[in-house]
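Hi,

Here is the model I promised to pass on. Have a look at it first, and my notes on the chain contacts and salt bridges follow below.

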Number of protein chains: 2
Amino acid sequence: MKRPMRPYERDPARIYAQSFETVRREARLERFPPGMDRLAMRVIHACGMVEVADRLAFSPGAYEAGRAALAAGAPVICDCEMVAAGIIRGLLPAGNEVLVTLNEPGVAERAAEIGNTRSAAAVELWRERIEGAVVAIGNAPTALFHLLELLDEGWPRPALILGFPVGFVGAAEAKAELAANPRGCDFVALRGRRGGSAMAAAAVNALAAPLPGEMQ
Amino acid sequence: MKRPMRPYERDPARIYAQSFETVRREARLERFPPGMDRLAMRVIHACGMVEVADRLAFSPGAYEAGRAALAAGAPVICDCEMVAAGIIRGLLPAGNEVLVTLNEPGVAERAAEIGNTRSAAAVELWRERIEGAVVAIGNAPTALFHLLELLDEGWPRPALILGFPVGFVGAAEAKAELAANPRGCDFVALRGRRGGSAMAAAAVNALAAPLPGEMQ
């Protein structure tokens with residue numbers, strides 16, 4: 001006899017509502033100012049881990065800076081295609097461009113020249129677009145490290161750096177460096193090894209619409 | 001005085017080597033057969049969490065089934081664009097097609113018709129391509145649930161289902177359903193709430209090349 005499949009929730013509105021109810025019930029959100037609480041909730045929703053709320057570092061004005069930048073038409077600059085794929089274009093308030101330079105011609109050669117990764121070399125192509133931009137790093141620690149180096153060399157400042165690189169080599173360190181000395185940029189960073197494109201994209205989506213259904 | 005930035009590893013080969021050394025040192029990999037150990041390592045590498053090894057369920061032949069399917073030219077069918085964006089095309093052994101139907105015309109209408117999400121409705125468009133395919137679900141529990149329903153209705157079998165939907169509503173349940181009754185398909189599933197596109201894509205990449213540098 002065929003065993004019937006267990007029932008499941010199929011209604012998108014109820015799925016969202018139940019998801020965010022769970023996040024509110026289980027996550028420690030008290031310390032976040034308005035806006036940042038929504039960003040934290042979206043990040044949690046993207047990864048299924050309520051405890052990442054406890055590891056989220058941010059500058060006091062991060063949420064407003066990102067929101068204002070997007071409203072003013074700033075581009076969103078991502079370190080990889082997966083982050084770009086996770087950004088809900090329809091939410092962006094000004095048809096904002098979403099930029100990824102990782103696969104541009106010359107990036108591999110530039111990486112060899114500077115003795116760094118392709119992800120780091122790709123950052124150098126952000127030069128003309130970085131001022132006032134929202135930067136979303138969801139993969140490569142070296143992209144975040146190299147961006148910070150370029151800011152130290154005098155690059156113009158992005159409005160906000162969303163630091164979510166992931167992994168075992170350099171991710172925790174790059175995010176600690178960002179949080180310790182954000183170089184005059186607002187920032188959000190998930191401390192430690194965890195991170196990823198889905199969280200970075202969720203943070204961008206939160207700047208555009210705090211929660212699903214909460215349009216600006 | 002400007003504080004110098006902390007040093008960081010810039011060499012891609014050393015970054016990979018150190019990353020996978022850490023995974024080998026910290027993760028419990030003993031229970032995995034050859035091939036699956038590599039898949040587990042890639043999944044861990046994608047999320048920065050060694051402990052996900054302990055929650056990875058799989059059928060005994062899963063790795064070989066996926067590898068053989070890709071070698072035979074099977075398509076990789078993904079539930080969202082983020083999974084597709086994470087698949088390293090150059091690794092795929094037969095120029096395999098990577099398919100996402102979520103944004104096809106008619107999906108929203110079909111979702112309303114069947115009273116389910118867009119992600120679930122998009123699965124219905126897999127019908128002609130599903131036989132022998134590698135399915136990679138990295139986002140929507142309802143996509144996995146609906147696929148299992150369609151298999152119960154008699155759909156042809158994919159070669160392998162990579163079950164990595166994420167979140168608080170239905171993700172743990174859909175993966176438990178897959179693991180309890182895989183319906184004649186090989187499968188890999190990360191039990192619990194955690195999952196995501198990066199892990200699903202990493203699992204596909206592991207079928208194509210077990211670890212970076214380990215080409216088939």
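For what comes next, two residues are in contact when they have heavy atoms within 4.5 Å. Keep in mind that this is a predicted model.

On that basis, 48 residues of chain A touch 48 residues of chain B. Putting the two chains together buries about 4,100 Å², and carbon and sulfur atoms give 62% of that. If you want to know which residues to click on, try Met5(A), Met82(A) and Phe168(A): they supply 18% of the area that chain A buries against chain B, more than any other three residues.

The polar side of the interface is worth a look too. Between chain A and chain B there are twelve residue pairs in polar contact, counting pairs with both residues at pLDDT 80 or more. On chain A, the elements that give two or more residues to the side touching chain B are α1 (12–26), α2 (36–47), α4 (81–86), α7 (141–152), α8 (171–180) and α9 (197–208). The largest share, seven residues, comes from α1(A). Sorted by class, this side of chain A has 20 nonpolar, 14 polar and 14 charged residues.

Now the salt bridges. Over all chains, the whole structure has 24 of them, and six lie across the interface of chain A and chain B. One pair to pull up is Arg193(B) with Glu26(A), where the closest N and O atoms are 2.8 Å apart. Arg193(B) sits in the loop between β6 (186–190) and α9 (197–208) of chain B, while Glu26(A) is in helix α1 of chain A, so this pair joins two chains. Neither end is hidden away: Arg193(B) is partly exposed at 29% relative accessible area, and Glu26(A) is partly exposed at 35%.

Another one is Arg6(A) with Glu177(B), with 2.7 Å between the closest N and O atoms.

Chain B has pairs of its own as well. Glu9(B) and Arg14(B) meet in a salt bridge at 3.1 Å, N to O; Glu9(B) counts as partly exposed at 21% relative accessibility, and Arg14(B) is partly exposed at 48%. Glu30(B) pairs with Arg28(B), the closest N and O atoms being 3.4 Å apart, and both of these residues are exposed. Then there is a network: salt bridges with shared partners join Arg6(A), Asp152(B), Glu177(B) and Arg183(B).

Cheers

Key: Residues numbered from 1 in each chain as written. Chains lettered and ligands numbered in written order. Predicted model: local features only at pLDDT ≥ 70, side-chain atom pairs only at ≥ 80, totals over all residues. Heavy atoms only, no water. Buried area = accessible area lost by both parts, 1.4 Å probe. Salt bridge = Lys/Arg side-chain N within 4 Å of Asp/Glu carboxyl O. Polar contact = N/O pair within 3.5 Å; in protein donor to acceptor, adjacent residues only side chain to side chain. Helix = DSSP H or I, 4+ residues; strand = E, 2+ residues; numbered from the N terminus. Nonpolar A, V, L, I, M, F, W, Y, C, P; charged D, E, K, R; others polar. Buried < 20%, exposed > 50% of the residue type's maximum accessible area, 1.4 Å probe, protein only.
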